Amino acid sequence: MNKYAKEWAKKLAKDEKMSHRPDNKYGENVFCLSSNSKTFKVKGDEVVDKWYSEIKDHKFGEEPTGTILKSGHFSQLVWKDTKQMGVGKARSAAGTKVFVVANFDPQGNWMGQFADQVPPVGGFAKASGGKSSVFKAKSRKSSSSSSDSSSEEDDFVADCLKAHNDYRKKHGVPLLKISKDLNKVAKDWADTIARKDVMQHRPNNQYGENIYCAWSSNPAHKIKGSEAVDSWYSEIKDFRFGREPADLRAGHFTQVVWRDSKELGVGTARSRGGKIYVVANYNPPGNMVGSFSTKVPSLK
């Protein structure tokens with residue numbers, strides 16, 4: 001990761017302008033300091049202190065609002081799930097500017113997770129978990145008969161994939177492909193939340209994730225994969241194209257059509273109370289702060 005960060009720092013120094021690496025697989029903080037002296041030095045803690053100073057703009061326990069993430073450097077710095085970092089710096093040809101790049105893995109600043117991932121000074125008062133998802137469960141009733149056969153599971157996954165790609169075609173983004181490994185990941189989490197009978201996102205998730213829940217008074221009811229996708233896509237009404245969202249009311253929709261996502265995994269499970277839980281995972285994940293305007297194209 002140091003090499004990765006160094007590579008981008010050199011690019012910034014060459015261009016002599018601040019910008020984030022496009023299609024970055026890591027979280028990223030950037031910094032630039034200029035001076036009339038060509039031999040001035042930048043200390044590592046000076047850079048980190050600058051990023052951390054954004055704490056004054058952060059409101060703990062809630063999601064950031066507005067179209068600009070004013071405390072993004074700070075929140076990435078203390079993001080709970082991040083485990084590794086890489087650092088690189090480079091000086092401009094004129095010698096008067098030094099650029100610093102830090103990359104973080106897993107990346108932070110995921111919309112919908114700030115409340116649980118950015119602890120206040122002193123840490124969380126208690127383990128987080130009661131506010132793990134900003135997405136609300138969506139339910140619909142059905143009176144169809146049910147079957148737990150593997151063929152029905154395969155049909156469900158295929159229907160879910162088709163619905164995704166039908167919508168993605170409308171937005172001119174590449175089609176998704178099913179990943180058997182992602183299917184296992186999604187199935188594992190669907191089983192978990194069905195057992196707990198609660199809508200909850202997987203913690204420390206390296207993939208994008210959408211969740212859906214359906215219930216009927218008929219214990220034998222079943223649903224189609226397209227039902228979940230239709231529900232997620234319906235959030236398009238809450239999304240304004242060409243700008244960053246102030247909140248994630250359309251988060252399911254944006255993940256469905258996120259341009260860079262290439263693989264899809266789907267899993268379902270039924271709770272004892274008869275609810276059907278659907279989990280969809282995406283790789284690479286979507287809903288990255290600062291990328292909505294370019295990664296969520298409008299209808300063609």
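**Notebook: helices α1 and α7, and the largest pocket**

I looked first at the end of α1, where Glu-16, just after the helix, takes a positive phi of about 55°. The model is a predicted one, in which local features need pLDDT of at least 70 and side-chain atom pairs count only at pLDDT 80 or more, while totals for chains, interfaces and linings use all residues. Residues are numbered from 1 along each chain as its sequence is written, and side-chain values use heavy atoms, with hydrogens and water left out.

I then checked α1 itself (helices are DSSP runs of H or I with at least four residues, strands runs of E with at least two, numbered from the N terminus). Residues 2-15 make up its 14 residues, and from first C-alpha to last the helix reaches 20 Å, close to the 20 Å expected at 1.5 Å a residue (1.5 Å times one less than the number of residues). Tyr-4, Ala-5, Trp-8, Ala-9, Leu-12 and Ala-13 of α1 are buried (under 20% relative accessible area, with exposed over 50% and partly exposed in between, 1.4 Å probe, protein chains only).

In α7 (residues 225-233) I found eight of the nine residues buried, among them Glu-227 and Trp-232.

Last, I turned to the largest pocket (an open set of points on a 1 Å grid over the protein atoms alone, where a 1.4 Å probe fits, with protein on both sides within 12 Å along at least five of seven lines; lining residues have an atom within 4 Å of a point). Of its 49 lining residues, Tyr-26, Gln-107, Met-288, Val-289 and Ser-291 lie nearest the centre. Domain 1 (1-116) and domain 2 (150-295) both give residues to this lining, so the pocket lies between them (bounds from an automatic or database domain assignment).
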